[in-house]
Structures are given as structure tokens and as C-alpha cells.
Amino acid sequence: MQDHLGSPQAIHDPVLAWYAVNKRELPWREPGAGAWAVMVSEFMLQQTPVNRVLPAYQRWLERWPKPVDLAAEAPGEAVRAWDRLGYPRRALRLHAAAQAIVERHGGQVPDDHAALLALPGVGTYTAAAIASFAFGQRHAVVDTNVRRVLARALTGVAQPSISPTAADQRLAVSALPADEPTAARWAVASMELGALICTARTPRCADCPIQSDCAWVRAGSPPYDGPPRRGQTYEGTDRQVRGRLLAVLRAASAPVPKTELDTCWPEPVQRERALDGLVADGLVEPLSRGRYRLPA
């Protein structure tokens, strides 16, 4: 395998040139989008495909074009507007981040990486993504697509590890171009290559700008030989039940009686477990007389 290791320098220019021609036109990439738009998109895009994010993103920015607009609303309104994007705790975290931006940074998304990392709900990936995409800084932005591109192109394996590792981060840092503007373009270009060309199941190697420099291709495209990679299920899970319960509460303009929530899922033990989880996560607020609402 060592003979097939790829060179980061060899893949920079081809990927950047490919991106300039083939990138998707997305609203958060427009020159005037601003840091808040980038931040909203990054929260929404976690574990959610672009086509599902776009309508929710557009509605969100129309209603809350600045952090101060969202911060002034009840957190339950953020959960309501999140609609069916999934993983609704992201809505609460984005609301909390907006409040922190207002309180700590005068309503402006900070351009300092450490300040971004200190915001509620902003982890290593999201802080790097906002700093890179919104402010053109040099950071390793390591999502699943980037991990897959670098694993194939530089180390010659079919798939990266199932969960992100420190080694993935080191590899991404080692692959960064030296100057900030190029590094920022590389961050989004390598991510786009993984989303459109170097996909998990059916990579389009014939259309890849770095096919001749890809360590995995040069090694003969060996199959994945790691532990099984199980796809996420949804039907019949607690996640589905939570979604049903939240849908009832989102549609209601007043607190909902427990009897109404009981009709949305037939299995009582699972339904109660899901409702308890929503309350524990702060997504649902219990009231007197057996009523529930989104958090006020």
C-alpha cells in the first residue's frame, strides 16, 4: 500500500479547477450570503441532504435574517420552523447560539475560531466550516465526504473509518494548501467532490479530476474490508415516534392534551419513552392538567 500513497499537492489544482466549473449553485455560497447564512446552513446540513435543507433554509432566513431576529423568539418557534429536517435538537442549539451571538458579540457571528467554538451547539467541524466558508480562513473542514475523498486519494482505502478519528483530522490538516484563500476554496471543493463524484457506493471515477493521482485507483480500487457499515433505519424507531409527537405539537397553536398525543402512535411503552425523551431534551414542555407544548 505504501507504494500507492497519494500526494496532497498533486490533487489540489485539479480539484480546485473541477470545482470552479462544476460546483452547485447554493444560496449559502453566494458572495453576499454572510456568516449567519453559512452558520444556519451548517446546522441544517448535519446528517441531512441538501435537497431537504433548501426549502427549510430559505424559510428560516426569510423569517430570521439575523441572529438577533431568532434570539428574540421563543425556542419553541425554532423547533416549529425546523419542521421535518430531523434531529430537532439542532434547532434548540441554533437558537441558543443566536442568543449567545447577541449577548457576547453584538449580534454578529464572530470571525474568531475560538469564539465560534465557544458557541452553543458549535463543535469542531462546525467552527471550522464557518471560519472557512464565511471568513476564508485556513482550517481543516472534515465531514464524511472529505474523509472519504482523502482516504481514497491519499491512503488508498475504499472507505474511511466508520467514525471520525484523530488520524482523519491529521490527514486533513496535512492536505491543506498553505495560503488561506486557497485552503478555504480547497475545503469546499474537496467536500463537493465527495458529494458529487467520490460518493460512497458508486464513485464516478471516470469523471474524477484526480483519477490518475488517486492512491485507491492506482492500487486497483480494492474493496472495503473493514467492519460492516450499517445504514440508519427510521421506520418503527423512537426517532419516528418523536417525529410524530413533534408534528402534532408543531401544528398546534395552543397546548395539546396528552390524549391527543396518544393517538399518534399505537404502542404505549415506546410512545411514552419517546415523549419522555423529548421532554428531557428540552424539545417539549409539560404543563399542568396533562398538556404539552413546544418550549416557550
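## The overall build

Helices here are DSSP runs of H or I with at least four residues, and strands are runs of E with at least two. Counted that way, the protein has 15 helices and three strands. Keep in mind that this is a predicted model.

Lay the C-alpha atoms along the principal axes and they fill a box of roughly 70 × 45 × 30 Å. The protein has 296 residues, and 45% of them are buried. If you look at contacts with a separation of 6 or more, 64% of them link residues 24 or more positions apart.

## Surface and charge

About 14,500 Å² of the protein is exposed, and carbon and sulfur atoms supply 53% of that area. On the charge side, there are 34 positive and 30 negative side chains. The centres of those two sets lie 5 Å apart.

## A helix wrapped by other helices

Helix 2, which covers residues 35-45, is worth a look. Ten of its eleven residues are buried, so this helix is largely enclosed by the rest of the structure. The buried ones are A35, W36, A37, V38, M39, V40, S41, E42, F43 and M44. "Buried" here means under 20% relative accessible area, and E42, a residue of helix 2, falls on the buried list.

What does the covering? The cover over the buried residues of helix 2 includes helix 3 (50-63), helix 4 (67-71), helix 5, helix 6 and helix 8 (124-135). After helix 2 comes Q47, with a positive phi near 60°.

## Inside: the cavities

Rolling a probe the size of a water molecule over the atoms shows where empty space is left. In this structure, two cavities of 30 Å³ or more turn up. The largest cavity holds about 100 Å³ of space. It is lined by 14 residues, and R152, C198, C205, C208 and C214 are the closest to its centre.

Two elements give two or more residues to the lining of the largest cavity: helix 9 (144-155) and helix 12 (215-218). Helix 9 gives the most, with three residues.

## The second largest pocket

The second largest pocket is an open space of about 680 Å³. Its lining has 24 residues, and the ones closest to the centre are L85, G86, Y87, Y234 and R239. Helix 6 (89-105) and helix 13 (238-251) each supply at least two lining residues. Which helix gives the largest share of the lining of the second largest pocket? That's helix 13, with eight residues.

Y87 deserves a second glance. This residue is among those closest to the centre of the second largest pocket, and it sits in the loop between helix 5 (75-82) and helix 6. Y87 has a positive phi of about 45°, although it is not a glycine. Is Y87 buried or exposed? Neither, quite: its relative accessibility is 25%, so it counts as partly exposed.

## Another positive phi, and a glycine in helix 13

S221 is also a non-glycine residue with a positive phi, this time about 50°. You'll find S221 in the loop between helix 12 and helix 13. Its relative accessible area is 32%, so S221 is partly exposed.

G243 belongs to helix 13, the helix that supplies eight residues to the lining of the second largest pocket. At 25% relative accessibility, G243 counts as partly exposed. If you want a sense of distance across the model, try G243 and E180: they are 63 residues apart along the chain, and their C-alpha atoms are separated by 41 Å.

## Between the last two strands

G290 is in the loop between strand 2 (285-287) and strand 3 (291-293). With 35% relative accessibility, G290 counts as partly exposed.

Which residues does G290 touch, once its neighbours within four places in sequence are left aside? The contacts are V256, P257 and K258. As for P255, that residue is 35 positions from G290 in sequence, with the two C-alpha atoms 9.6 Å apart.

Key:
Residues are numbered from 1 along each chain as its sequence is written. This is a predicted model: local features need pLDDT of at least 70, side-chain atom pairs count only at pLDDT 80 or more; totals for chains, interfaces and linings use all residues. Side-chain values use heavy atoms; hydrogens and water are left out. Buried means under 20% relative accessible area, exposed over 50%, partly exposed in between (1.4 Å probe, protein chains only). Contact means heavy atoms within 4.5 Å. Accessible areas come from the Shrake-Rupley method with a 1.4 Å probe; for residues, only the protein chains shown count as cover. Lys and Arg count as positive and Asp and Glu as negative; His and the chain ends are not counted. The place of a charge is taken as NZ of Lys, CZ of Arg, CG of Asp or CD of Glu. On a 1 Å grid over the protein atoms alone, a cavity is a set of points where a 1.4 Å probe fits but cannot get out, and a pocket is an open set with protein on both sides within 12 Å along at least five of seven lines; lining residues have an atom within 4 Å of a point. Grid points are joined across faces, edges and corners, and a volume is the space filled by probe spheres set on the points.
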